[in-house]
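Hi,

Here is the structure I promised to pass on to you. Have a look at it first, and my notes on what turned up follow below.

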Amino acid sequence: MKEVLPYHVGIIMDGNGRWAVERGLSRSEGHQAGAENLESLLCHIYDRHIPYVSLYAFSTENFKRAEKEVSFLMNLFLDLFQKKLVKLKKLNVQILFSGRRENIPEKVWLAMKKLEEETKEGNRGVLNICLNYGGQYEIVDMTKKIVSLALSGKLKVSDITKEKVEENLYQNLPPLDFVIRTSGEKRISNFMLYQSAYAEYYFPKVYFPDFDCEEFDKAILEFQKRKRRFGGN
Ligand code: IPE
Ligand code: IPE
Ligand code: MG
């Protein structure tokens, strides 16, 4: 029998700070540990034939954090995009970014654009990285694009459909089937509000640095127990 797997998984990578504090380490060391975990976890997910992964790396609201933490994270992203995600390039995964440009340091932005360009032919799977991302802002930005099209006469109001809305989000991705938030917090904190309309949620207690391939497999077993109805019966 064919195994039931999510087609699109979202991961809210939470708990790096608490992971570190509980070990007497700095929050930065927690973020570093989270980043170290990422590559093998992603390879495992694509090996399991799950083609779409969305990662919540940094929310728009995370800019409220101490400047030291924000700048550490931005440098960590730079390192990830320039070096650590190389394995994914070899795996033939297409990397995309969702979020706003503002406040992202130029060098990080350039590395993001380069990675998108270098992986645009990837056909093994898609990795959507949400950075300076907020689900409400995504809806605001989509609305601006659609209203501009309508005002310039390129789109009739009667032609605004669900498909048209989806085409004007940051990325036109399939809906999320399964959203995992590590660290035990049970909230979505502005993650992919539109795309998660019928997603199943899972809130493991482990902090992100400890969310390894084995934990991911446990999550999938949980997903397989869910009965999805999409409003039907
Ligand atoms: C998630 O870990 C990483 C980001 C939000 C960038 P946190 O930094 O939120 O860790 P906790 O929630 O404080 O433990
Ligand atoms: C959500 O985590 C954002 C990311 C994991 C990138 P937060 O730690 O920022 O969320 P809250 O503040 O606990 O809701
Ligand atoms: Mg957190």
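Let me begin with ligand 1 and Arg18: a polar backbone atom of Arg18 is 2.7 Å from an oxygen atom of the ligand. Please keep in mind throughout that this is a predicted model. A second backbone contact comes from Asn16, where an N or O atom lies 3.2 Å from an oxygen atom of ligand 1. Arg27 takes part through its side chain instead, with an N or O atom 2.9 Å from a ligand 1 oxygen. On its own, ligand 1 would expose 380 Å², and the protein buries 87% of that area.

Which residues come nearest to ligand 1? Out of the 13 residues around the ligand, they are Asp14, Gly17, Arg18, Arg27 and Arg65. Sorted by class, the shell consists of five charged, five polar and three nonpolar residues. If you want to find your way around by secondary structure, look for helix H1 (16–21), helix H2 (27–47) and helix H3 (67–84), the elements that each give two or more residues to this shell. H1 gives the most, with three residues. The space that ligand 1 takes up is the largest pocket.

Now for ligand 2. The space taken by ligand 2 is likewise the largest pocket. Around ligand 2 you will find Ile12, Met13, Asp14, Tyr56, Ala57, Phe58, Asn62, Arg65, Arg181, Arg187 and Ser189. Asp14 and Arg65 in that group are also among the residues that come nearest to ligand 1.

Three side chains place an N or O atom by an oxygen atom of ligand 2. For Ser189 the distance is 2.6 Å, for Arg187 it is 2.8 Å, and for Arg181 it is 3.2 Å. Ligand 2 taken alone exposes 390 Å², of which the protein buries 78%.

Which element gives the largest share of the shell around ligand 2? That is strand E2 (residues 52–59), with three residues. By class, the shell around ligand 2 divides into five nonpolar, four charged and two polar residues.

Asp14 deserves a paragraph to itself. You will find Asp14 in the loop between strand E1 (8–12) and H1. Is Asp14 buried or exposed? Its relative accessibility is 16%, and buried means under 20%, so Asp14 counts as buried. The side chain of Asp14 makes a polar contact of 3.3 Å with the side chain of Arg18, the residue whose backbone opened this message. Another polar contact, of 3.2 Å, links the side chains of Asp14 and Ser183.

That brings us to Ser183, which sits in the loop between strand E5 (178–181) and strand E6 (200–202). With a relative accessible area of 8%, Ser183 is buried. Its backbone may catch your eye: although Ser183 is not a glycine, it has a positive phi of about 90 degrees.

Asn190 is a second case of this kind. Asn190 is not a glycine either, and has a positive phi of about 70 degrees. Its place is in the loop between E5 and E6, and at 11% relative accessibility Asn190 counts as buried.

Lastly, two residues in strands, away from the topic of the ligands. Val126 belongs to strand E4 (residues 125–133), and its relative accessibility of 9% is under the 20% limit, so Val126 counts as buried. Along the chain, Val126 and Asn92 are 34 residues apart, while their C-alpha atoms are separated by 9.0 Å.

Ser98 is in strand E3 (residues 93–98). Ser98 is buried, with a relative accessible area of 4%. How far apart in space are Ser98 and Gly231, C-alpha to C-alpha? The answer is 29 Å, for a separation of 133 residues in sequence.

If you open the model with just one residue in mind, you could start from Asp14, as it is listed around ligand 2 and is one of those that come nearest to ligand 1.

Best wishes

Terms used: Residues are numbered from 1 along each chain as its sequence is written. Chains are lettered from A and ligands numbered from 1 in the order in which they are written. This is a predicted model: local features need pLDDT of at least 70, side-chain atom pairs count only at pLDDT 80 or more; totals for chains, interfaces and linings use all residues. Side-chain values use heavy atoms; hydrogens and water are left out. A residue is near a molecule or strand if one of its heavy atoms lies within 4 Å of it. A polar contact is a pair of N or O atoms within 3.5 Å; within protein, one must be able to donate a hydrogen and the other to accept it, and residues adjacent in sequence count only if both atoms are side-chain atoms. Accessible areas come from the Shrake-Rupley method with a 1.4 Å probe; for residues, only the protein chains shown count as cover. On a 1 Å grid over the protein atoms alone, a cavity is a set of points where a 1.4 Å probe fits but cannot get out, and a pocket is an open set with protein on both sides within 12 Å along at least five of seven lines; lining residues have an atom within 4 Å of a point. A molecule sits in a cavity or pocket if more than half of its atoms lie within 2 Å of its grid points. Helices (H or I, at least four residues) and strands (E, at least two) are DSSP runs, numbered from the N terminus. Ala, Val, Leu, Ile, Met, Phe, Trp, Tyr, Cys and Pro count as nonpolar, Asp, Glu, Lys and Arg as charged, and the others, Gly among them, as polar. Buried means under 20% relative accessible area, exposed over 50%, partly exposed in between (1.4 Å probe, protein chains only).
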